[in-house]
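Dear colleague,

Here is the structure I promised to pass on to you. Please open it beside this message, and then read my notes below at your own pace.

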Amino acid sequence: MKHGRWLKPLSSAAAIVMAFLIAGFVVLLSGEDPGTAYRALFRGAFGSVTGLKNTVRYSIPIIMLGFSFAICNDCGFFNIGQEGQMYAAAIAAAGAALVGAGLPRGLQLLLIIAAAVIAGGILCLIPAVLKFVFGVNEVIVSMLLNYILVLLTNYLLLNSSIGITGRTTPSSIEFEPRIEAWVLAGLSALIMLAYALFMKNTVPGYRLRMTGRNADFAKANGIRVRKIILSACFLGGAFSALSAVGEILGIYHRVYDGFAENLGFYGMTAALIGSQSTSGLIFGGIILGALQSGSVSLTVMTDVSSDMVLVVQGFVMLFATVNILRILGKRGKHYGLSSTS
């Protein structure tokens with residue numbers, strides 16, 4: 001039992017180490033020094049105040065998306081639709097900003113956040129309902145929704161009142177209410193703490209974890225399984241929406257085409273690195289955020305292309321796929337969710 005307790009963290013650490021080793025070998029084949037490349041990455045991510053700020057900036061949305069994946073996965077739902085949920089939240093936020101333009105700043109901010117959370121939650125609920133009520137595979141539905149929302153966002157930014165005409169890159173109107181960087185970091189830290197306490201120290205968190213591990217057992221003990229699962233899926237979409245809100249109100253101050261590209265996969269990777277541990281998930285998010293932050297220094301200080309960061313991220317995701325396949329195998333079982341759940 002003690003060995004099993006350390007197996008997942010060691011497996012996650014091994015995935016990161018192997019990814020760096022293989023990426024280093026790729027750098028060596030290109031005629032560059034892996035040690036120099038990794039030192040440049042580290043300095044860019046942690047070697048200055050600006051680097052640390054950038055690492056935090058890139059880590060926050062990844063961690064939020066990690067929570068989005070983890071809370072859904074804990075109840076047996078493989079949430080691969082986070083990118084679509086972010087775009088849905090962005091569209092709703094832009095619409096709310098347009099509608100509430102005359103409201104006081106505080107009310108406008110609340111309206112934008114509420115609209116984004118509801119939109120993200122509903123988009124996550126669609127494949128969840130189709131899976132747990134009608135037996136439709138959630139991965140296929142979620143990926144199709146991602147594709148649809150990317151195209152819908154592009155269309156609305158070009159052909160509706162939320163967009164600005166005449167720009168090379170489709171983008172929305174500028175958001176008046178903004179969230180300062182330090183406020184965004186503080187709120188994110190509070191959300192991380194609340195998530196950890198909720199999952200480990202509350203009755204709903206325990207019921208959610210019990211449902212994910214054995215839905216039949218949970219149902220036999222009087223837990224309303226379907227309600228727990230659908231509530232968790234809505235929360236998963238809400239975390240994706242919060243990630244989008246942070247990017248829009250705290251960083252870009254507008255929605256633009258492609259702002260959430262690949263972020264969902266980074267969040268999923270962070271969650272898998274965490275191996276059902278909140279601290280591990282946060283660590284995984286920081287690692288991935290540091291890679292993003294350090295990529296600039298890598299290009300400036302060495303002759304190594306910043307694409308090496310994508311190589312490392314790709315290999316981390318590849319080795320984490322071992323856990324993904326195990327999860328998908330476990331989730332393929334029957335959940336026993338009858339209409340009376």
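**The loop between H10 and H11**

Asn262 is found in the loop between H10 and H11. Please keep in mind throughout that this is a predicted model. Asn262 has a positive phi of about 70°, although it is not a glycine, and this residue is partly exposed, with a relative accessible area of 33%. As a background rule, most residues other than glycine have a negative phi. His253 also has its place in the loop between helix H10 (225–252) and helix H11 (263–274), and here too phi is positive, about 65°, in a residue that is not a glycine. Is His253 buried or exposed? With a relative accessible area of 16%, His253 is buried, because the cut-off for that word is under 20%.

**Helix H11**

The loop leads us to H11, where a simple check of length can be made: at 1.5 Å a residue, its 12 residues should span 16 Å, and the end C-alpha atoms are 17 Å apart, which agrees. H11 is mostly covered, since 11 of its 12 residues are buried, and among them are Leu263, Tyr266, Met268, Leu272 and Ile273. The helix is followed by Ser275, which has a positive phi near 50°.

**The nonpolar cores**

The largest nonpolar core has 54 residues, and those with the most contacts inside it are Phe175, Leu249, Val255, Phe259, Leu298 and Met308. Helix H4, covering residues 82–99, gives the most to this core, with 10 residues. Apart from it lies another core, made of 33 residues, including Phe77, Ile80, Met210 and Ala232. To see one member of the largest core in its surroundings, you could look at Leu298, which, when its neighbours within four places in sequence are left aside, is in contact with Ala37, Ala40, Leu41, Val304, Ser305, Ser306, Met308 and Val309.

**Cysteines**

How many disulfides does a search of the whole structure find? The number is zero. A disulfide is a covalent bond between the sulfur atoms of two cysteines, so the distance between those atoms is what one has to check. For Cys75, the closest cysteine sulfur is the one in Cys233, at 4.4 Å, which is too far for a bond, because a disulfide would need the two sulfur atoms to be within 2.5 Å. Both residues are out of reach of the surface probe by this count: Cys75 is buried at 0% relative accessibility, and Cys233 is likewise buried, with a relative accessible area of 0%.

With best wishes

Terms used: Residues are numbered from 1 along each chain as its sequence is written. This is a predicted model: local features need pLDDT of at least 70, side-chain atom pairs count only at pLDDT 80 or more; totals for chains, interfaces and linings use all residues. Side-chain values use heavy atoms; hydrogens and water are left out. A nonpolar core is a set of buried Ala, Val, Leu, Ile, Met, Phe, Trp, Tyr and Cys residues joined through side-chain atoms within 4.5 Å. Buried means under 20% relative accessible area, exposed over 50%, partly exposed in between (1.4 Å probe, protein chains only). Helices (H or I, at least four residues) and strands (E, at least two) are DSSP runs, numbered from the N terminus. Contact means heavy atoms within 4.5 Å. The expected span of a helix is 1.5 Å times one less than its number of residues.
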